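Trainee: Could you take me closely through the part of this protein around the ligand? I would like the charged pairs and the cysteines covered as well.

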Amino acid sequence: MHLDGTTESSASVARMAGHAELADHLYAVERCLAVAIGNPPTLLAESAAHLLFAGGKRIRPALTLICADAYGDVHDDAIDAAAAVELVHLGSLHHDDVIDEAETRRGVPTVNARWSNTVSVLSGDYLLARASEIAASIGAEPARILAWTIGRLTEGEIVELAHLHDTGTDIEHYYEAIQGKTAVLMGSSCHLGALVAGAPEDATSLAAEFGFELGLVFQIVDDVLDLVGDEALTGKKRGVDLVEGVYTLPTLLALDGDDGTLEALLSNRPDGDSVEAAIDLVVRRGGVAGAVEAAARHLARCDALLCEFPPGGPRDALSRLSRYVLARVPNDK
Ligand code: GRG
């Protein structure tokens with residue numbers, strides 16, 4: 001984190017959204033996050049702060065702040081709500097890194113790698129507790145929305161776990177998983193922003209639906225990048241999902257109508273060259289192109305929903321942000 005409280009990535013989300021006040025508002029969120037973690041340098045405070053200030057794009061808090069701006073003023077409740085959604089996101093990453101036995105995240109060793117699984121789970125719990133406390137300080141409805149969101153995150157994650165290494169899984173299960181693990185939190189980030197700004201119910205539902213659709217675009221793109229992304233940009237080896245048995249939309253589309261070759265490759269738990277062969281097959285069978293088309297359909301839905309937002313700077317910023325999410329896919333895919 002810089003001395004002025006910004007992170008490189010939060011500055012870049014503000015630039016990307018082209019929203020003049022977003023950088024200042026995100027700066028206030030950073031201060032709120034620092035206070036939430038607590039000052040005494042205990043093991044808990046240190047491990048909770050480790051990933052929090054290692055970067056992160058701050059897309060979810062940005063969504064909360066821009067939606068608040070779209071429907072009213074960005075006051076303290078909006079800053080608090082934005083901090084709460086980032087804390088939930090981070091808590092889920094602490095738990096996810098234990099589940100995945102991940103070694104790096106946001107360019108630094110994960111909490112489980114640096115300390116232990118136990119520390120990662122406990123500090124993840126701590127982050128969720130701090131998020132819940134902040135949400136409850138805003139009001140009962142934000143607290144309810146956040147609690148529901150945490151429940152949906154775990155439901156999404158467990159659907160994914162239930163279908164690991166299952167080449168017979170289907171697109172319905174895939175959507176069930178990504179709705180829970182990614183889309184709902186982005187939906188709630190937008191919902192909370194509109195809610196604390198005093199938007200009427202039809203507008204808060206609209207904001208929630210926009211964030212949810214954007215979350216689907218975000219996760220589908222993430223899944224495409226896992227297979228064909230530039231490793232230097234994603235910071236991850238290609239094909240991790242295939243190695244871990246997570247069959248995402250591109251793979252499921254390629255498996256549909258497969259002559260048995262891809263299924264055989266996957267069933268043999270690919271590693272090294274066979275991962276590259278499996279990725280190559282997924283691309284040749286049109287799985288990546290099909291998934292990018294699906295993401296573009298959800299982006300079109302985002303655009304349609306944005307037409308119902310009040311016209312102005314915040315709406316334009318949301319439009320730029322959603323376009324950026326899809327633009328992360330390399331042009332030749
Ligand atoms: C107890 C809240 C809780 C959850 C438990 C482990 C779990 C259930 C859910 C995991 C959900 C998960 C990690 C989904 C992946 C979402 C995702 C695309 C993360 C990457 O988001 P970015 O790119 O990351 O915004 P940065 O680092 O930029 O914040």
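Mentor: What follows goes from the ligand shell to the salt bridges, then to two backbone angles and the cysteines.

Keep in mind that this is a predicted model.

Start with the ligand. The shell around the ligand holds 20 residues. The closest are Lys57, Arg60, His89, Arg106 and Gln219. By class, the shell splits into 6 nonpolar, 7 polar and 7 charged residues.

Where does the shell come from? Four helices each supply at least two of its residues: H5 (76-99), H8 (140-162), H9 (171-196) and H10 (201-228). Helix H5 gives the most, with 6 residues.

Now look at the side chains that meet ligand oxygen atoms. Arg106 has a side-chain N or O atom 2.7 Å from an oxygen atom of the ligand. For Arg60, an N or O atom of the side chain is 2.8 Å from a ligand oxygen. His89 also places a polar side-chain atom 2.8 Å from an oxygen atom of the ligand. On its own the ligand has 740 Å² of accessible area, and the protein covers 91% of that.

Next, the charged pairs. Side chains of opposite charge can pair when their charged atoms come close. Here the count is 16 salt bridges. Three of them are worth a walk-through.

Take Arg58 and Glu30. Their side chains meet in a salt bridge, with N to O at 2.7 Å. Arg58 sits in the loop between helix H3 (43-52) and helix H4 (59-71), while Glu30 belongs to helix H2 (residues 22-37), so the pair ties together parts that are 28 residues apart in sequence. Both Arg58 and Glu30 are buried.

Then Glu46 and Arg114. Their closest N and O atoms are 3.4 Å apart, and they form a salt bridge. This pair links distant parts of the chain, with Glu46 in helix H3 and Arg114 in helix H6 (residues 111-114), 68 residues apart. Glu46 is partly exposed, at 37% relative accessible area. Arg114 also counts as partly exposed, at 45%.

The third pair is Arg144 with Glu141. Their side chains form a salt bridge, with N to O at 3.0 Å. Both residues lie in helix H8, 3 residues apart, which is about one turn of the helix. Arg144 counts as partly exposed, with 45% relative accessibility. Glu141 is partly exposed too, at 35%.

Some bridges share partners. Through them, Glu30, Arg58, Glu86 and Arg106 join into one network. Note two names you have already met. Arg58 is the partner of Glu30 in the 2.7 Å bridge. Arg106 is among the residues closest to the ligand.

Now the backbone. Arg58 is a residue other than glycine, and its phi is positive, near 60 degrees. Arg58 lies in the loop between H3 and H4. Its relative accessible area is 1%, so Arg58 is buried.

Glu101 has a positive phi as well, near 50 degrees, and is likewise a residue other than glycine. Glu101 is found in the loop between H5 and strand E1 (104-105). Glu101 counts as exposed, at 64% relative accessibility. Set the pair side by side: Arg58 is buried, whereas Glu101 is exposed.

Last, the cysteines. How many disulfides does the count give? The count comes to 0 disulfides. Why does Cys302 not take part in one? The closest cysteine sulfur to that of Cys302 is in Cys190, 9.0 Å away, and a disulfide needs the two sulfur atoms within 2.5 Å, so the gap is too far for a bond. Cys302 is buried, with a relative accessible area of 0%.

Cys307 gives a similar story. Its sulfur is 11 Å from the closest cysteine sulfur, in Cys302, which is too far for a bond. Cys307 is exposed, with a relative accessible area of 60%.

To recap the ligand site: helix H5 gives the most residues to the shell. Arg60, His89 and Arg106 each bring a polar side-chain atom to a ligand oxygen. Arg106 also belongs to the network with Glu30, Arg58 and Glu86.

How values were computed:
Residues numbered from 1 in each chain as written. Predicted model: local features only at pLDDT ≥ 70, side-chain atom pairs only at ≥ 80, totals over all residues. Heavy atoms only, no water. Buried < 20%, exposed > 50% of the residue type's maximum accessible area, 1.4 Å probe, protein only. Near = heavy atom within 4 Å. Polar contact = N/O pair within 3.5 Å; in protein donor to acceptor, adjacent residues only side chain to side chain. Areas by Shrake-Rupley, 256 points an atom, 1.4 Å probe, with all protein chains shown as cover. Nonpolar A, V, L, I, M, F, W, Y, C, P; charged D, E, K, R; others polar. Salt bridge = Lys/Arg side-chain N within 4 Å of Asp/Glu carboxyl O.
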